[in-house]
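Work through the exercises below with the sequence and the 3D view side by side. Try each task before reading its solution.

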Amino acid sequence: MPAIAIIGAQWGDEGKGKATDLLGSRVDHVVKFNGGNNAGHTVVIGDEKYALHLLPSGILSPNCTPVIGNGVVVDIEVLFEELDALTARGVDVSKLKVSANAHVIASYNRSLDKVTERFLGSRRLGTTGRGIGPTYADKMNRIGIRVQDIFDENILRQKVEGALELKGQILAKIYNRRAPEVDAIVEELLEYVERLRPMVCDTGLLLNQALDRGETVLLEGGQATLLDVDHGTYPFVTSSSATSGGACTGSGIPPSRLDRVVGIVKAYTTRVGEGPFPTELFDDFGAHLSKVGAEFGVTTGRPRRCGWYDAVIARYAARVNGVTDFVLTKLDVLTGLEKVPVCVAYDVNGVRHDEMPVNQSDFHHAVPIYEEFPGWWEDISHVRTFEELPANAQAYVRAVERMSGSRVSVIGVGPKRDQTIVVHELI
């Protein structure tokens, strides 16, 4: 049976949670493979809305094993806050598995994240201040703390001491903040040992054995392609690999076992935080998309910047990830517009670019070249087949499909699980 990766194909917030939840009842394992509690998924089941930050969306599917993979950075306090909140709402969270190799966000990394961002001023990156970047930096500098380390107090203490030799000096002497004490950090992390222990295992082995048994594994990306640390709009990116390549390194599943890559795109485009955004709107249309689409970050509450659909970045995402299927979400938000523009290329200093410019400065100066499509006024929230969509909505979807580099297999026409049109089955 397949391993399937679900990847954000824009700047995040595309609706990956809904797509994962749609498949959750038909898969055996759902894996979060990158990021931490710096991004969120909203899942609506019936009249219930769930906002998930660190946990994989599969935790809401009773027959599914949710997994936090080795590529994730884990704020243990947040982990248990989320688990307790779900338990209070009657959700069974007992199946959760956490990789022993996932890295732990220590409190000093949250402090560094916040003071560094303030220090950057106008050059800030727009981070969430949750310690994600500094924790990934520790990982690459080989001074990070892994989940398995908190089960050995001597090793944990050595690692905290090593990390604070430098970080304590930075906080105290550069940012004028009190340097944290080793004992306090160690004690803080040891509080979670017994509760965390039953969840921790070799998740790479678990997942590969599941595939050997013919089970289906769904790999759920956090953030998105244009926020990937290698392939995104650097430096305005996240600190992890949010592409299909990251799905393999962040889960321990080899590329040869990845059968399908599902790219999630909104019927328009949004972005949270700083960085270039060619189709961004500053007019009434932008306000309309923001209001009707309820465009506020699940984790931060920050308003999302809104713009028209950008086929250039969709093509780029299809190429980088090897997208086999697109899920087009929030088509219903475009209802009631007389014309719906789509960015088909960029103008950079008089030169047309049909693909992503290789230079960052060119992308910063890219002016969208639009093709307009006629809108529709009919309510589509009740539609469940492609043929039932208004003719103009069908034409819009087909145009987006043609421009984006892969077929559109699923269309979202509302926030609820059942407000979905399945054109081609994903499993």
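**Exercise 1. The two sides of a helix**

On the other side of α10 from its buried residues, D284 and K291 are exposed. The model is a predicted one.

Task: Which residues of helix α10 (residues 284-292) are buried, and where do they lie around the axis?

Solution.
- Step 1. Pick out the buried residues of α10: G286, L289 and S290.
- Step 2. Look down the axis of α10. These buried residues fall within an arc of 95 degrees, so they line one face of the helix.
- Step 3. Find the packing partner. The buried residues of α10 pack against β13 (305-307).
- Step 4. Check the start of α10. There, a side-chain oxygen of D283 comes to within 3.1 Å of the backbone nitrogen of F285.
- Step 5. Check what follows α10. A294 comes after the helix, and its phi is positive, near 50 degrees.

**Exercise 2. An aromatic cluster**

Task: How do the rings of W11 and F363 meet, and which parts of the chain does the pair tie together?

Solution.
- Step 1. Recall the two descriptors. A pair of aromatic rings is described by the distance of the centres and the angle of the planes.
- Step 2. Start from the total: the structure holds seven aromatic pairs.
- Step 3. Take W11 and F363. Their ring centres are 6.5 Å apart and their planes stand at 40 degrees, so the pair is tilted.
- Step 4. Place both residues. W11 is in the loop between β1 (3-8) and α1 (16-24), and F363 is in helix α12 (residues 360-364), so the pair ties together parts 352 residues apart in sequence.
- Step 5. Check burial. W11 has 2% relative accessibility, so it counts as buried. F363, at 5%, also counts as buried.
- Step 6. Move on to Y346 and F363. This pair is edge-to-face, with 5.8 Å from centre to centre and 70 degrees between the planes.
- Step 7. Y346 belongs to strand β16 (residues 339-348) and F363 to helix α12, so this pair ties together parts 17 residues apart in sequence. Y346 is buried, as is F363.
- Step 8. Assemble the picture. Ring pairs link W11, F277, Y346 and F363 into a cluster.

**Exercise 3. Charges over rings**

Task: Over which rings do the charged ends of R89 and R398 sit?

Solution.
- Step 1. Find R89. Its charged end sits over the ring of Y50, 4.1 Å from the ring centre.
- Step 2. Find R398. Its charged end sits over the ring of F386, 4.3 Å from the ring centre.

**Exercise 4. Reading the sheet**

Task: In what order do the strands of the 10-stranded sheet lie, and which strands stand at the edges?

Solution.
- Step 1. Trace the order. The 10 strands run β9-β7-β5-β2-β10-β1-β11-β15-β19-β20 in an open sheet with mixed pairing.
- Step 2. Find the edges. β9 (200-201) and β20 (420-422) each have a single partner strand, so one side of each is left without a neighbour in the sheet.
- Step 3. Inspect the β9 end. Strand β7 (residues 97-99) pairs with β9 in the parallel sense over two bridges. V98 stands opposite V200 in β9.
- Step 4. Go to strand β10. β1 runs parallel to β10, joined by four bridges, with A3 opposite V217 in β10.
- Step 5. Strand β2 (residues 29-32) also pairs with β10 in the parallel sense, over four bridges. V31 stands opposite L219 in β10.
- Step 6. Look at the faces. In a regular strand the side chains alternate between the two faces of the sheet. Strand β10 (residues 217-220) is covered on both: V217 and L219 on one side, L218 and E220 on the other, are all buried.

**Exercise 5. Two polar residues**

Task: What surrounds T335 and N208 beyond their neighbours within four places in sequence?

Solution.
- Step 1. Locate T335: the loop between β15 (325-329) and β16.
- Step 2. List its contacts outside that window: H288, W376, W377, E378 and I380.
- Step 3. Look for a polar contact. One of 3.0 Å joins the side chains of T335 and W376.
- Step 4. Locate N208: helix α8 (residues 203-212). N208 has a relative accessible area of 17%, so it is buried.
- Step 5. List the contacts of N208 outside the window: G252, I253, P254 and R257.

Technical notes: Residues numbered from 1 in each chain as written. Predicted model: local features only at pLDDT ≥ 70, side-chain atom pairs only at ≥ 80, totals over all residues. Heavy atoms only, no water. Phe/Tyr/Trp six-rings, centres within 6.5 Å; stacked < 30°, edge-to-face > 60°. Buried < 20%, exposed > 50% of the residue type's maximum accessible area, 1.4 Å probe, protein only. Lys NZ or Arg CZ within 6 Å of the ring centre and 35° of its normal. Polar contact = N/O pair within 3.5 Å; in protein donor to acceptor, adjacent residues only side chain to side chain. Pairing = 2+ DSSP bridges. Arc of directions from axis to C-beta. Contact = heavy atoms within 4.5 Å.
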